[in-house]
Amino acid sequence: MKASPTLTDNMQAVLVDLIELHLQGKQAHWNVVGKNFRDLHLQLDEIIDDARTFADEMAERMRALHAVPDGRSVAVAEGTRIQPFPAGLVSTKDTVGLVVNMLNASVKTMRDVHDQIDEEDPTTADLLHGFIAKLEQYAWMVDAENMEPTAEVVTPVGTEHATV
């Protein structure tokens with residue numbers, strides 16, 4: 001099978017977002033500071049590793065379909081939907097929001113092109129399913145860092161811990 005220009009363009013859109021997610025994830029990883037730094041720093045490594053793996057899988061799928069992936073910095077900068085990560089040190093709280101936005105932007109691209117990709121090549125659509133599931137899981141897990149609990153915890157009478 002040979003990819004049509006539309007399939008190629010849709011796969012390229014996913015590719016540049018995944019490359020950008022990897023690069024900006026590294027920027028966040030290097031420059032995050034504040035409470036829970038270590039946990040977020042390590043979690044960013046997981047996201048970065050998967051984004052890089054997913055980008056490679058998409059580029060190799062493109063080649064398998066005789067399409068030519070373009071991962072040059074100019075192509076990524078011109079094609080990505082992900083907003084730029086700020087320069088300088090960024091608080092963990094702000095980094096969480098920015099990373100969730102990056103993940104959601106990547107997923108949005110995948111969802112936007114999914115149906116056209118699936119129509120022409122269900123195998124590539126299957127790749128997207130896996131990418132989407134993992135990136136949405138990361139978005140939930142990272143976002144939980146800034147969420148407020150909603151449960152009202154009540155300590156049963158007689159079980160209070162004595163303070164010494």
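A residue counts as buried when its relative accessible area is under 20%, as exposed when that area is over 50%, and as partly exposed in between. Keep that in mind as you click around this predicted model, where buried residues make up 41% of the 164 residues in the chain.

**Stop 1: the whole chain**

Start with everything in cartoon view. You should find five helices and two strands, and if you trace them from the N terminus the order is α-β-α-α-β-α-α. Now turn the model around: the C-alpha trace spans about 75 × 35 × 20 Å along its principal axes. The chain has a radius of gyration of 20 Å, while a compact globule of 164 residues would have one near 15 Å.

Switch on the surface next. The accessible surface adds up to about 9,700 Å², and carbon and sulfur atoms own 53% of it. Try colouring by charge too: there are 13 positive and 27 negative charges, and the mean positions of the two groups sit 5 Å apart.

**Stop 2: the core**

Hide the surface and select Leu18, Val99, Leu103, Met110, Leu128 and Leu135. These are the residues with the most contacts inside the largest nonpolar core, which has 45 residues. Which elements give two or more residues to this core? They are helix H1 (5-31), helix H2 (37-64), helix H4 (92-120) and helix H5 (122-143).

Zoom in on Val99. Ignoring neighbours within four places in sequence, Val99 is in contact with Ala28, Leu44, Ile47 and Val142. Contacts between residues far apart in sequence are a big theme here: of the contacts in the chain with a separation of 6 or more, 82% join residues 24 or more positions apart.

**Stop 3: Asn10**

Go to helix H1 and pick Asn10. Is Asn10 buried or exposed? Its relative accessibility is 9%, so Asn10 counts as buried. Show what surrounds Asn10, again skipping neighbours within four places in sequence, and you get Val113, Gln116 and Ile117 as its contacts.

**Stop 4: Asp121**

Slide along to the loop between H4 and H5, where Asp121 lies. With a relative accessible area of 4%, Asp121 is buried as well. Leave out residues up to four places away in sequence, and Asp121 touches Met1, Leu7, Arg61 and Leu65. For a distance check, draw a line from Asp121 to Lys2: they are 119 residues apart along the chain, yet their C-alpha atoms are separated by 9.9 Å.

**Stop 5: Leu42**

Now jump to helix H2 and select Leu42. Leu42 counts as partly exposed because its relative accessibility is 37%. Draw another line, this time to Thr80: Leu42 and Thr80 are 38 residues apart in sequence and 25 Å apart in space, C-alpha to C-alpha.

**Stop 6: two loop residues with positive phi**

Select Asn36 in the loop between strand S1 (32-33) and H2. Asn36 is not a glycine, but it has a positive phi of about 60°. At 42% relative accessibility, Asn36 is partly exposed.

Finish at His66, in the loop between H2 and helix H3 (73-79). What is the phi of His66? It is positive, at about 65°, although His66 is not a glycine. Why does His66 count as exposed? Its relative accessibility is 52%, and the cut-off for exposed is over 50%.

Definitions and conventions: Residues numbered from 1 in each chain as written. Predicted model: local features only at pLDDT ≥ 70, side-chain atom pairs only at ≥ 80, totals over all residues. Heavy atoms only, no water. Core = buried A, V, L, I, M, F, W, Y, C linked by side-chain atoms within 4.5 Å. Buried < 20%, exposed > 50% of the residue type's maximum accessible area, 1.4 Å probe, protein only. Helix = DSSP H or I, 4+ residues; strand = E, 2+ residues; numbered from the N terminus. Contact = heavy atoms within 4.5 Å. Rg over C-alpha atoms; globule rule 2.2 N^0.38 Å. Areas by Shrake-Rupley, 256 points an atom, 1.4 Å probe, with all protein chains shown as cover. Lys, Arg positive; Asp, Glu negative; His and termini not counted. Charge placed at Lys NZ, Arg CZ, Asp CG, Glu CD.
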